[in-house]
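Here are some short exercises to work through with the model open beside you. Try each task before you read its solution.

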Amino acid sequence: MPGSGWLHRRHPWPKLLVVLWAVLAPFVLPPAALPALIAGAVGAGLASGLGRTYLRRLAWGTLPIVVSIVVVNGLFLPGARDFLVSVGPFDLSREGLVLAARTAGRVVAAVAATLAFVSSTRPDDLMEALIERGASPR
């Protein structure tokens, strides 16, 4: 049941700081860290009781972006030399697929962390936490 997991019971301020780090981390850490970042964000979402709804939202939210990244980078990467498949006038390149995997992984990691935060934090709790830290109540 959503709302009963350990992530829901955490104070919004540390969760906000963690999600800010989790959104920046895929872009500043080496690409080898992406699987761990994705697994951590998805694991946090599942462990907090968000379940299938979380996975469904993550899949449907990132699928169009990931597909477009793979198509654009895989088929149209300038300067690519190692082609895997030719589809009419287009060539699917290994370099494009590697770049697409890195870029898509970064997007999925950032969206997974953000979705776990948004799904587990009530807006009024977040607002109260920000006001406690000195934000304007307006």
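Helices (H or I, at least four residues) and strands (E, at least two) are DSSP runs, numbered from the N terminus. Residue numbers start from 1 along each chain as its sequence is written. This is a predicted model, where local features need pLDDT of at least 70, side-chain atom pairs count only at pLDDT 80 or more, and totals for chains, interfaces and linings use all residues, while side-chain values use heavy atoms, with hydrogens and water left out.

**Exercise 1. The overall chain**

Task: Describe the secondary structure and the overall dimensions of the protein chain.

Solution:
- Step one, count the elements. The protein chain has 5 helices and 2 strands.
- Step two, put them in order. Along the sequence, the pattern reads α-α-α-β-β-α-α.
- Step three, look at the dimensions. The C-alpha trace spans about 60 × 30 × 25 Å along its principal axes.
- Step four, check against a globule. The radius of gyration is taken over C-alpha atoms, and the globule rule is 2.2 Å times the number of residues to the power 0.38. For 138 residues, a compact globule would have a value near 14 Å, but the protein chain has 18 Å.
- Step five, turn to the surface. Accessible areas come from the Shrake-Rupley method with a 1.4 Å probe, and for residues only the protein chains shown count as cover. The accessible surface of the protein chain is about 8500 Å², with 68% of it belonging to carbon and sulfur atoms.
- Step six, ask about burial. Buried means under 20% relative accessible area, exposed over 50%, and partly exposed in between (1.4 Å probe, protein chains only). Of the 138 residues in the protein chain, 30% are buried.

**Exercise 2. The salt bridge**

Task: Find which residue forms a salt bridge with Asp82, and place both partners in the chain.

Solution:
- Step one, recall the rule. A salt bridge is a side-chain nitrogen of Lys or Arg within 4 Å of a carboxyl oxygen of Asp or Glu. Side chains of opposite charge can pair when their charged atoms come close.
- Step two, search. The whole structure holds 1 salt bridge. Asp82 pairs with Arg94, and their closest N and O atoms are 2.6 Å apart.
- Step three, place the partners. The pair links distant parts of the chain: Asp82 sits in the loop between α3 (51-76) and β1 (83-87), and Arg94 in helix α4 (residues 94-120), 12 residues apart.
- Step four, check accessibility. Asp82 is partly exposed at 31% relative accessible area, and Arg94 is also partly exposed, at 44%.

**Exercise 3. Two helices and a tyrosine**

Task: Work out how α2 and α3 meet, then decide whether Tyr54 is buried or exposed.

Solution:
- Step one, get the geometry. Axes are lines fitted to C-alpha atoms, for helices over the stretch in contact, and angles run from 0 to 180 degrees between N-to-C directions. The axes of helix α2 (residues 34-47) and α3 come within 8 Å and cross at roughly 145°.
- Step two, list the residues. Contact means heavy atoms within 4.5 Å. Ala41, Val42, Gly45 and Leu46 of α2 meet Gly51, Tyr54, Leu55 and Leu58 of α3.
- Step three, sort them. Ala, Val, Leu, Ile, Met, Phe, Trp, Tyr, Cys and Pro count as nonpolar, Asp, Glu, Lys and Arg as charged, and the others, Gly among them, as polar. The contact of α2 with α3 has 6 nonpolar residues, 2 polar and no charged.
- Step four, focus on Tyr54 in helix α3. Tyr54 has 1% relative accessibility, so it counts as buried. Setting aside neighbours within four places in sequence, the contacts of Tyr54 are Ala41, Val42, Gly45, Leu46, Ala112, Leu115 and Ala116.

**Exercise 4. Two valines**

Task: Find which residues are in contact with Val111 and with Val23, leaving aside neighbours within four places in sequence.

Solution:
- Step one, locate Val111. Val111 is in helix α4 and is partly exposed, with a relative accessible area of 30%.
- Step two, list its partners. Val111 is in contact with Leu58 and Thr62, sequence neighbours within four places aside.
- Step three, locate Val23. Val23 is in helix α1 and, at 26% relative accessibility, counts as partly exposed.
- Step four, list its partners. With neighbours within four places left out, Val23 is in contact with Ala110 and Thr114.
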